[in-house]
Each structure stands twice: as structure tokens, then as C-alpha cells.
Amino acid sequence: MAQWAYKVAYIDYRGRISSEGLETLIGNERRSTFARRYMNTLGKEGWELVGIQPLTANSAYYVFKRPAQEGDFADEAPAESSQETPSRSGPTVETA
């Protein structure tokens, strides 16, 4: 089964893009050019836009995915030793 890596970018059309702790501010260019330039950069890195979650009239979360590559999951916990209990795969689900 294929594994995917995801990236979420907050795009504020008034002049700011924020993703993974890095902010990009608009220069002396049109707002649409600013957003397109950022998304073209992600496209060159293999990211594909798969969803948009509007927040306000001027901002939204953009969700990108690509096939997982080495280093995409660098923030995961280190491998567990054989003495510890095995981890579950998938998200934690709480029931009421």
C-alpha cells in the first residue's frame, strides 16, 4: 500500500503564507501571483494540491500530498526497543 506525506499551508491572500513554522510574506506583486508562485514551488517538489479548507473570505488552509519520501516523517518518535509494548498504527479514536 502506498504511503503519503501531507503538507498544510495557511494562505492569507492579504500577504502571508505559513507552513511548518516557515512564513512567506508578499513582496511587490499581485496577490494571485504570490499564491501561484508559492504553489508552483511546492509542485516542483512533488506536492499535489488535494484540498482547500476556507477560513475567511481572505484565507484558507491548503492541503498537499505526495508519495512519502525519506525524511518526510522525521518528526516521528524513534524506534521502540523490543522490551516496550508495541505501538498501534493509525489515529487514536475516542468513543463516548
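**Exercise 1. State what share of the chain's contacts with a separation of 6 or more comes from residues 24 or more positions apart, and describe the chain as a whole.**

Solution. In this predicted model, 43% of the contacts with a separation of 6 or more are made by residues 24 or more positions apart. The next step is the secondary structure: the chain holds 1 helix and 5 strands, and their order along the sequence is β-β-β-α-β-β. Turning to the surface, 20% of the 96 residues count as buried. The chain exposes about 7800 Å², of which carbon and sulfur atoms supply 50%.

**Exercise 2. Determine how β1 is joined to β5 and to β2.**

Solution. Begin with β5: β1 and β5 run antiparallel and are joined by 9 bridges. Within this pairing, I11 stands opposite A60 of β5. Continue with β2: here 3 bridges make the connection, and the two strands are again antiparallel. D12 has R16 in β2 as its bridge partner. Finally, consider the hairpin formed by β1 and β2: 3 residues lie between the strands, and G15 adopts a positive phi near 135°.

**Exercise 3. Classify the aromatic pair in the chain and locate its two residues.**

Solution. Two quantities are required, as a pair of aromatic rings is described by the distance of the centres and the angle of the planes. The count comes to 1 aromatic pair. The ring centres of Y10 and Y61 are 5.9 Å apart. Their planes meet at 65°, and because an angle over 60 degrees counts as edge-to-face, the pair of Y10 and Y61 is edge-to-face. As to location, Y10 belongs to strand β1 (residues 4-12) and Y61 to strand β5 (residues 59-67), so that the pair links distant parts of the chain, 51 residues apart. For accessibility, Y10 has a relative accessible area of 16% and is therefore buried, whereas Y61, at 37%, is partly exposed.

**Exercise 4. Identify the residue that lies over the face of W4 and give its distance from the ring centre.**

Solution. The residue is K65, which lies over the ring face of W4. Its distance from the ring centre is 3.8 Å, and the cut-off for a charge over a ring is 6 Å.

**Exercise 5. Explain what is notable about the phi of E20, and decide whether E20 is buried or exposed.**

Solution. First, recall that most residues other than glycine have a negative phi. E20 is not a glycine, yet its phi is positive, at about 55°. Second, place the residue: E20 lies in the loop between β2 (16-19) and β3 (22-25). Third, compare its accessibility with the cut-off: exposed requires over 50%, and E20 reaches 59%, so E20 counts as exposed.

Technical notes
Residues numbered from 1 in each chain as written. Predicted model: local features only at pLDDT ≥ 70, side-chain atom pairs only at ≥ 80, totals over all residues. Heavy atoms only, no water. Helix = DSSP H or I, 4+ residues; strand = E, 2+ residues; numbered from the N terminus. Buried < 20%, exposed > 50% of the residue type's maximum accessible area, 1.4 Å probe, protein only. Contact = heavy atoms within 4.5 Å. Areas by Shrake-Rupley, 256 points an atom, 1.4 Å probe, with all protein chains shown as cover. Phe/Tyr/Trp six-rings, centres within 6.5 Å; stacked < 30°, edge-to-face > 60°. Lys NZ or Arg CZ within 6 Å of the ring centre and 35° of its normal. Pairing = 2+ DSSP bridges.
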